[in-house]
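Hi everyone, thanks for making the time. I'd like to walk you through one model this morning, going from single side-chain pairs out to the contact between chains. Have a look at it first, and then we'll start with a question.

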Amino acid sequence: MESKISKDQLLENLPDYVSGKLDDEALVKAIEVEIAGNDNFRREHEEMKKTFAFLNAAEFVSPPESYFSNLSVRINQKVDQTSEPSLWERLGLFWKILIPALSLILMGIILYNIYGNKKEQTMTQNDKTIEQKVVVEKNVPVEKTDEKIVDKIVDNKEPAEDFAATNEGKNIRIKKRIQKEKVNIADTLPNIGTFELSELIATNIGDPDDEDVSEEADVLYQEEGEENLEEEFMELTPEQQEEILKVLSDKQI
Amino acid sequence: MSEHLNINSDDFDLIEAFNKGSINAFNLIVRKYQKKIYWIIRKMVLNHDDADDLTQEVFLKLYRSLNEFRGESKFFTYVYKIAVNYSLNHLNKNKKILSRSKDVDFSDIKSPDKNPDEEIDSLERTEILEKAISTLPEQQRAVFNMRYYENLSYEEISEILNKSVGGMKANYFHAIKKIEKFLKSHKKFETIEIN
């Protein structure tokens, strides 16, 4: 069974058919049938024959034979000239090793700087955080600390000196303020009792079961393991703190 | 071994001798292929001076790269590939349509078997031929030269140009049609006798 050969295939093989280079017998036969039966195809065939006739007749102008005798000599001369490696070629191997090596070293330096800096930044940030904490701790408003101490003093339960002793960093400053406040309290809060103050604080803290808040318990007395008074006061909301202070100052009237 | 080598020696023997340091082997390779390489390039660039330069460069390239030739293809295919690539690069760089040699006047060279009228006719035909080929795009030109002048198979052409066989056939057909179209515009076409 012959496979159908398309007209495009026949046309594509026409140059080889005309020039006598077509080996495929099936194609040759199909082309001959098409030439015989198709006017357009026959015209194509005739024009292509003319083209090949011209190509067969036309020649390129050849150089003289001496040209080819000299060509090999000139090629050898060129080979001799270029066979000596240039400076760049001699350095070629050197550059082939040096440039990749330099690139790697440069990359290493860049990466080290990037990651090294990040580590330093992290450490610096950590240091800063620690410093800030220390500063914050150091910079606890003297007034609030003093207010707790005032409460203690009012309550007359714990000598201010003991409290100060448990916070070494604040000793010197606190002692000075205590001296000052003792004078103020003595003048302004003569009548406030421990019970009233404790009750007020207990109400504000809001946990009646808290052993720190009881009639007898010394809220202001700092025992080992208990939350200290200063912290308790700090835990209060600003409104609560303000209320306590207001109470204290009202008592002055 | 090099003493027994001559221009008709097998290509692989010549290459082996060259790789062992025989300059004579390289000279034999040059003498064996210089005309072929020259004409491959000449029919591509259509200019003697350019063909001369490129032929030398091709052999220079061959000198440097012969030790890399592994024998996976025919040696001539390898050489042909270099020549065609250099020609295509040259054409792409310069995009010359036609450039006739000025310093080498081959018109003084007379064919002994032609009378003056025939000589003029021949030169005219040559000029028309070169102009016709110059209308072809670079790849079609390469395919046309390889198929028509070098009689290479489409498989060989596709290997050299690294393209498909079907594409090469189409290129050849279109090249012939373009030459035909150019010739039709010339009055010479009507007077062409078909043998």
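Which side chain meets that of Lys7(A) in a salt bridge? The partner is Glu34(A), with 3.9 Å from N to O. Please keep in mind that this is a predicted model.

Now, what does that pair do in chain A? Lys7(A) belongs to helix α1, residues 7–12, and Glu34(A) to helix α3, residues 25–37, so the bridge ties together parts that lie 27 residues apart in sequence. The two ends sit in rather unlike surroundings: Lys7(A) is exposed, at a relative accessible area of 52%, whereas Glu34(A) counts as buried, at 15%. And to put that pair in context, there are 14 salt bridges in the structure over all chains.

Let's cross over to chain B. Here the secondary structure amounts to eight helices and zero strands. Of the 195 residues in this chain, 49% are buried. If you take the contacts in chain B with a separation of 6 or more, 62% of them are between residues 24 or more positions apart.

The helix I'd like to spend time on is α8 of chain B. α8(B) has 20 residues, and from first C-alpha to last it reaches 29 Å, close to the 28 Å expected at 1.5 Å a residue. What caps its N-terminal end? That is Ser164(B), which places a side-chain oxygen 3.1 Å from the backbone nitrogen of Gly167(B). Among the buried residues of α8(B) are Met168(B), Tyr172(B), Phe173(B), Ile176(B), Ile179(B) and Leu183(B).

There is also a charged residue in that buried set, Glu180(B). Is Glu180(B) buried or exposed by the numbers? At 2% relative accessibility it counts as buried, because the cut-off is under 20%. Its side chain meets that of Lys184(B) in a salt bridge, 3.7 Å from N to O. Both residues are in α8 of chain B, four residues apart, which is about one turn of the helix. Here the general geometry helps: an α-helix has 3.6 residues a turn, so residues three or four places apart point the same way. Lys184(B), for its part, is partly exposed, with a relative accessible area of 38%.

That bridge does not stand alone. Glu180(B) and Lys184(B) share a network of salt bridges with Glu44(A), Glu47(A) and Lys177(B), joined through common partners. One link in the network is between the side chains of Lys177(B) and Glu44(A), at 2.4 Å from N to O. Lys177(B) is in helix α8 of chain B and Glu44(A) in helix α4 of chain A, so this pair joins two chains. Both ends are partly exposed: Lys177(B) is at 21% relative accessibility, and Glu44(A) is at 22%.

Which brings us to the interface. How many residues does each chain put into the contact? Chain B gives 50 and chain A gives 38. Between them they bury about 4300 Å², 65% of it on carbon and sulfur atoms. Five salt bridges cross this interface. Another pair between the chains is Arg74(A) with Asp52(B), whose side chains meet at 3.1 Å, N to O. There are also 18 residue pairs in polar contact between the two chains, counting those with both residues at pLDDT 80 or more. On the chain B side, the elements that give two or more residues are α2, α3, α5, α6 and α8. That side divides into 27 nonpolar, seven polar and 16 charged residues.

Two more residues of chain A before I stop. Asp16(A) is in helix α2, residues 14–18, and is buried at 2% relative accessibility. Leaving out neighbours within four places in sequence, Asp16(A) touches Lys21(A) and Leu22(A) in chain A, plus Arg147(B), Tyr154(B) and Tyr172(B) in chain B.

Then there is His45(A), in helix α4, residues 39–57. His45(A) is buried too, with a relative accessible area of 9%. Beyond four places in sequence, its contacts are Leu14(A), Tyr17(A), Val18(A) and Ile35(A). Take Val18(A): it is 27 residues from His45(A) in sequence, yet the C-alpha atoms are 7.5 Å apart.

That's my tour, and I'm happy to take questions.

How values were computed
Residues are numbered from 1 along each chain as its sequence is written. Chains are lettered from A and ligands numbered from 1 in the order in which they are written. This is a predicted model: local features need pLDDT of at least 70, side-chain atom pairs count only at pLDDT 80 or more; totals for chains, interfaces and linings use all residues. Side-chain values use heavy atoms; hydrogens and water are left out. Contact means heavy atoms within 4.5 Å. Buried area is the accessible area (1.4 Å probe) that two parts lose on being put together, summed over both. A salt bridge is a side-chain nitrogen of Lys or Arg within 4 Å of a carboxyl oxygen of Asp or Glu. A polar contact is a pair of N or O atoms within 3.5 Å; within protein, one must be able to donate a hydrogen and the other to accept it, and residues adjacent in sequence count only if both atoms are side-chain atoms. Ala, Val, Leu, Ile, Met, Phe, Trp, Tyr, Cys and Pro count as nonpolar, Asp, Glu, Lys and Arg as charged, and the others, Gly among them, as polar. Buried means under 20% relative accessible area, exposed over 50%, partly exposed in between (1.4 Å probe, protein chains only). The expected span of a helix is 1.5 Å times one less than its number of residues.
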